[in-house]
Amino acid sequence: MASAAWSEVMGQAPKMKAAHLRTLLADQARNDSMFVNSGQMVLDYCRQKVDKETMSKLLALAEKAGVEQKKQKMFSGERINETEGRPVLHVALRSPRDATINVDGNNVVPEVWKVLDAMKSFTDKVRSGEWKGYTGKPLTDVLAIGIGGSYLGVEFVTEALRTDPEAAAAAKGRRLRFLANVDPIDVKRALEGLNAETTLVLVVSKTFTTAETMLNAKTVKAWLIKELGSEDCVAKHVAACSTALPKTEAFGIDSKNVFGFWDWVGGRFSCWSAVGVLPLALQYGFGIVQQFLEGGHAMDQHFLKAPPSENLPMLMALLQVWNCSALGYEGCAVLPYCQALVRFVPHIQQLDMESNGKRVRMDGSEVEVSTGAIYFGEPGTNGQHSFYQLMHQGRAIPAEFIGFRTSQNPVQLPGEPVSNHDELMSNFFAQPDALALGKTAEELKAEGVPDKLIPHKTFPGDRPSLSLLLPVCNAHWLGQLLALYEHRTAVQGWVWDINSFDQWGVELGKVLAKEVRTYLSGKRSGAGDDSKFISPTKKLLKKYFE
C-alpha cells in the first residue's frame, strides 16, 4: 500500500471525527466544491465528514495507489485479476461496434458484437412469434434460471424497467420470471401460472455445472417434458447462456440457441453479457437493451476522461474508503427514492461485498485497514418506517441517497398541494439534512417540548451521506447508474490493493456442502458416513432425519 499517503489520510481522521457536520455545512465554499456533475447526473457529497484538505489527501492516496494506471490496464485488457490470471473487461460488453480492446493481441469487441447480433436475431424471432414452441404457439413467457451474478443484476434491471413507459409498452403481453434458489419452493413459485406451451426457459451457467442452477434446470426440463409429452420439446423451449457446448447439447439445447460469454466477464459484472442481454431483450426488445448498454458506455467514458476531482466513481469510492478505513464505519445504506429500484440494493450487496470483502492484498499480505462494508437498503419511503430509527438515533451509518427528477409514473391529484413524486422527493431532500444536522436539546426546549421527552427527541446528527440525482429511471440512466457503482467498487479495491475481481470466499462452503450432499444421499439409501463432521453438525443432522 502507499504507506505515506495512507498515513496522511489517517492523520485527518481525528480532526474530522471531532468536526460536526453542522459546522462543516456552514462553509458555503466547501459545500460548493462538493457539488459535481456528470452531464445530467449530480453528485452532492457535502454531507460527508470531509473538508477540502481531506479530499486533497484522498485524491493523493488514489494517485499513490496507482488508480489511474490500474484503470488504464483494465480498459486495455491487461490481466488485472491476478489470482485467476484473467483480464477484467465488462466494459467491452458495452463498447460501440467500432471500438478496439485487445486481449493477447486480439480485438474482443467484434466477438462481443457477434454474440449481440445473434441474440438480437433470436429474440426478435421469439418476440415476433416467428419462433414457436413445440405445439406451434408463440413463446410469451420466459423463465431465466441462474444464481448470484447470473440473476441479481438482470433481475434489478428487469424490475427497474417494468414501469418505464417505453419499456412497458415494449413488454406488453410478455412475462419474465427468475428461478435462482435451489429450494423447491422457488421452483413452485416460478412455475405457478405458467403454460409450458408458451414458456421459454433460459439456463444461465457458464460451465453448465453450477449445482443449484443445474438441479433447477433439470427440474424445469422435467416439467416441460411432462406437460408437452416429449423430450423433443427441449430444443424449442430451452436456450442457454453458456460456453459448455457439449453439455448444452447433451441437455437437448439447439447449439444455435446457446449464447456465450468469456472468462474475462465476472459473474457480478455479467449483466451486460448474454446473462442479462438475452432475458432483457426477450422481455423489452433489443432497442431498450441497446439504450442500457449505451448508458453504461457513457459512464465508462466519464470514468476514463473526467479529472479525479470531478470523477463520480472516483469520488464515491474514495469517500467509501474514508468512511470504512479512516472513520471506522462498518455499514453503508443505499437508499433509492424510487420503487423501480426495489432490487438494486441486493445487486449492490453482491457487487461490492463479494468484490471487496477481502482481507489480503494482491501480494498475499494482510491489509492493515478495514476493507469492505456491510451493504443494506430499501426504497424510500419504505425504509424510513423500518431502519431509519437506528440511523438517526442509534448507530451512525453512512448513506447514499439516489433520486430522480422525473417519475416513471407521474401522478397529480386535484386538490393536493404536491404531486405524488414531489411528496416522495420531499423526503429525499429532507432525510440527508436530518441525518447531518440532527435536533439539539436547545431547539427542542425552544419549541416547548416537555423536559422529560427532550432526551428521547434529541437527534445527535453528524451522520454522513451523499446524494445522487438523475433525470429519470429509464434504460440509459440505469446503465449509467450501474456502471457508476461498478467503477466505484473497482476503485476501492485498487486503493486497498486487493483483488476486487475474484471470490475465493464463496468456495469453502460449496466444498463442505458436497460432503454433506454425499452423506445425505447415502443416509437416504440406508448408509451414510458422518465421520467427517464435527459433533454439533452430527447432532443437527440426526435431528434432520428424525
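Trainee: How do you know that the span of helix α22 (residues 507-524) agrees with what its 18 residues should give?

Mentor: In this predicted model, the expected span is 1.5 Å times one less than the number of residues, so the 18 residues of α22 should span 26 Å, and because its end C-alpha atoms are 26 Å apart, the two values agree. After α22 comes G526, whose phi is positive, near 100°.

Trainee: Why are helices α4 and α15 called roughly perpendicular to each other?

Mentor: The axes of α4 (residues 52-64) and α15 (residues 312-326) come within 10 Å and cross at roughly 105°. Angles of 65 to 115 degrees count as roughly perpendicular, and α4 and α15 are therefore given that description. On the side of α4 the contact is made by T54, M55, L58, L59 and A62, and on the side of α15 by M314, L315, L318, L319 and W322.

Trainee: What makes β1 and β2 a pair, and in which sense do they run?

Mentor: Two strands pair if at least two bridges are found between them, and β1 (residues 35-38) and β2 (residues 41-44) have four bridges, in the antiparallel sense. One of the bridges sets N37 opposite its partner V42 in β2. The two strands form a hairpin with two residues between them, and G39 in the turn has a positive phi of about 60°.

Trainee: Which side chains of β1 are buried, and which are not?

Mentor: The side chains alternate along β1, with V36 and S38 pointing to one face and being buried, while F35 and N37 point to the other and are not. Buried here means under 20% relative accessible area. In a regular strand, side chains alternate between the two faces of the sheet.

Trainee: Why is one side of β1 left without a neighbour in the sheet?

Mentor: The six strands of this open, mixed sheet follow the order β1-β2-β13-β12-β10-β11. Both β1 and β11 (374-376) stand at the edges with a single partner strand each, so one side of each has no neighbour in the sheet. Further in, β2 pairs with β13 (residues 465-472) in the antiparallel sense over three bridges, and L43 has L468 as its bridge partner in β13. Helix α21 packs on this sheet, touching β2, β10, β11, β12 and β13, and its direction makes about 150° with that of β13; angles over 145 degrees count as roughly antiparallel.

Trainee: What is the order of the five strands in the other open sheet, and what is their pairing?

Mentor: The order is β6-β5-β7-β8-β9, and the pairing is parallel. Here β6 (175-179) and β9 (258-259) stand at the edges, each with a single partner strand, so that one side of each is without a neighbour in the sheet. Strand β8 (residues 238-241) and β9 pair over two bridges, a number that meets the requirement of at least two, and A240 stands opposite V258 in β9.

Trainee: Which residues touch the most other members of the largest nonpolar core?

Mentor: They are Y45, L341, I402, L468 and Y485, in a core of 136 residues. Helix α21 (residues 475-496) gives the most to this core, with 13 residues. Apart from this core lies another, of 25 residues, including L179, V187, M214 and A244. As for L341, its contacts beyond neighbours within four places in sequence are F156, A160, P336, P379, I402, F404, C473, L478 and L481.

Terms used
Residues are numbered from 1 along each chain as its sequence is written. This is a predicted model: local features need pLDDT of at least 70, side-chain atom pairs count only at pLDDT 80 or more; totals for chains, interfaces and linings use all residues. Side-chain values use heavy atoms; hydrogens and water are left out. A nonpolar core is a set of buried Ala, Val, Leu, Ile, Met, Phe, Trp, Tyr and Cys residues joined through side-chain atoms within 4.5 Å. Buried means under 20% relative accessible area, exposed over 50%, partly exposed in between (1.4 Å probe, protein chains only). Contact means heavy atoms within 4.5 Å. Axes are lines fitted to C-alpha atoms, for helices over the stretch in contact, and angles run from 0 to 180 degrees between N-to-C directions. Angles under 35 degrees count as roughly parallel, over 145 as roughly antiparallel, 65 to 115 as roughly perpendicular and the rest as oblique.
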